[in-house]
Amino acid sequence: MGSFNTSSRQGFILMGFSDWSQLEPILFVFISVFYSLTIFGNTTIITLSLLEHQLHTPMYFFLRHLSFLDLCYTTSTVPQLLINLHGLDRTISYEGCVVQLFSSLALGSTECVLLVVMAFDRYAAVCHPLRYTAIMHPHLCQTLAIASWVGGCMNSLVQTGLMMAMPLCGLHLLNHFFCEMTVLLKLACEDTEGTETKMFVARAIILVVPAVLILSSYVYIVQTVLKVRSVAGRRKAFGTCGSHLLVVSLFYGSAIYTYLQPMHSYSESEGKFVALFYTIVTPMLNPLIYTLRNKDVKGAVRKVLGRGRYLV
């Protein structure tokens, strides 16, 4: 395997899980099943929220965007991983690597902002129920959704630009299953301290600030719920917000572990398995978390299935 530099624009070889070659057939089956469930679950959420009038609410409008994000995020990495695990081709072009890096960062960053927007929606629903419809009007919902996408893409553009501006050299091997920032940084020919600092600031802004805003909103939500005298009312409020809080915990926990730890303490082996969690497991779990105890979604499913039987 020869060396390379950015001027030659050679591709990369994704090592994936070749260190655990005996696990690759098991991982192939495991990831294929999870990817299929991710596609089915998130596509179902999107379809139901579009077809059923009772789901035409701000909560499901944002959930539809979250499901679309999860579909795009897994698709940006998993097909390449399945090809890698099957042993057909472990290479990726330089241009393909840049696109994959940008898209994964953009989609992940967008989800960070969107989860804040969803927390604000829950805050408005619980803390200001009488004004909820006036606060979360369609124009504001669309504006917040667009702002999430723009903010995520801008953050990705900054980080990808900083990364690609650095000269890369050495063996064109990436000890990962996709073009991930922390692994690419290890191929830099020059001192990366300055660039790492800038990237750390960008990652902190897109991870820490939203996390603080979400936690702040839930402080107000909990205070409001505790004032509710009805036990049933408390359960309903906590049930509505609990799903979102669980998704936030899964997403931010893995993201903060990966992107906010110092480079010298980053373990590539552990990083790959953590990446499996936030690229495959979390997007698969999100539809289940939001729908498992949700009466509105269950009712919508029954209606759609009922129409299908009627048509048959």
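This is a short walk through the structure, stop by stop, with something to select at each one. Keep in mind that the model is predicted.

**Stop 1: helix H10**

Start by selecting residues 268-291, which make up helix H10. Its 24 residues reach 34 Å from the first C-alpha to the last, close to the 34 Å expected at 1.5 Å a residue. Now centre on Val281, where H10 has a kink of about 40°. The proline Pro283 comes shortly after this kink. Is H10 mostly covered or not? Switch on a surface and you can check: 18 of the 24 residues in H10 are buried, so "mostly covered" is the right description, with buried meaning under 20% relative accessible area.

**Stop 2: an aromatic cluster**

Keep Phe273 on screen and add Phe17, Trp20, Phe177 and Phe178; these five residues form one aromatic cluster. A search of the whole structure finds 12 aromatic pairs. One of them is Phe17 with Trp20: the ring centres are 6.5 Å apart and the planes meet at 50°, so this pair counts as tilted. The two partners are worth colouring by accessibility. Phe17 is buried, with a relative accessible area of 0%, whereas Trp20 is partly exposed at 22%.

**Stop 3: the salt bridges**

Next, show the charged side chains. Side chains of opposite charge can pair when their charged atoms come close. How many salt bridges are there in this model? The count comes to 2.

For one, select Arg90 and Glu24, whose side chains meet with an N to O distance of 3.2 Å. Arg90 sits in the loop between helix H3 (78-86) and strand S3 (91-92), while Glu24 belongs to helix H1 (residues 24-51), so this salt bridge ties together parts that are 66 residues apart in sequence. Arg90 is partly exposed, with 24% relative accessibility. Its partner Glu24 is buried at 8%.

For the other, move to Asp121 and Arg122, which meet in a salt bridge of 2.8 Å, again N to O. Are these two side chains' residues buried or exposed? Asp121 is buried, at 1% relative accessibility, and Arg122 is buried too, at 8%.

**Stop 4: two contacts across the sequence**

Select Asp70, which you will find in helix H2 (residues 58-75). Asp70 is buried, with 2% relative accessibility. Add Glu111 and draw a distance between the C-alpha atoms: the two residues are 41 residues apart in sequence and 8.5 Å apart in space.

Then select His137, in the loop between helix H5 (132-135) and H6. With a relative accessibility of 32%, His137 is partly exposed. Pair it with Pro58, and the C-alpha to C-alpha distance is 7.9 Å, although His137 and Pro58 are 79 residues apart in sequence.

**Stop 5: a nonpolar patch**

From His137, carry on into helix H6, which covers residues 138-164. Select Ile146, Val150, Met154 and Leu157 and turn the surface back on. What do these four residues make? They form a nonpolar surface patch of about 400 Å². To finish, zoom in on Met154, which lies in H6. Met154 has a relative accessible area of 48% and is therefore partly exposed, as the exposed class begins over 50%.

Technical notes: Residues are numbered from 1 along each chain as its sequence is written. This is a predicted model: local features need pLDDT of at least 70, side-chain atom pairs count only at pLDDT 80 or more; totals for chains, interfaces and linings use all residues. Side-chain values use heavy atoms; hydrogens and water are left out. Patches are made of residues with over 30% relative accessible area and no salt bridge: like charges are joined within 9 Å, nonpolar side chains (Val, Leu, Ile, Met, Phe, Trp, Tyr) within 5 Å. Accessible areas come from the Shrake-Rupley method with a 1.4 Å probe; for residues, only the protein chains shown count as cover. Helices (H or I, at least four residues) and strands (E, at least two) are DSSP runs, numbered from the N terminus. Buried means under 20% relative accessible area, exposed over 50%, partly exposed in between (1.4 Å probe, protein chains only). The expected span of a helix is 1.5 Å times one less than its number of residues. The bend at a residue is the angle between axes fitted to the seven residues ending there and the seven starting there. Rings of Phe, Tyr and Trp (its six-membered ring) pair if their centres lie within 6.5 Å; planes under 30 degrees apart count as stacked, over 60 as edge-to-face and the rest as tilted.
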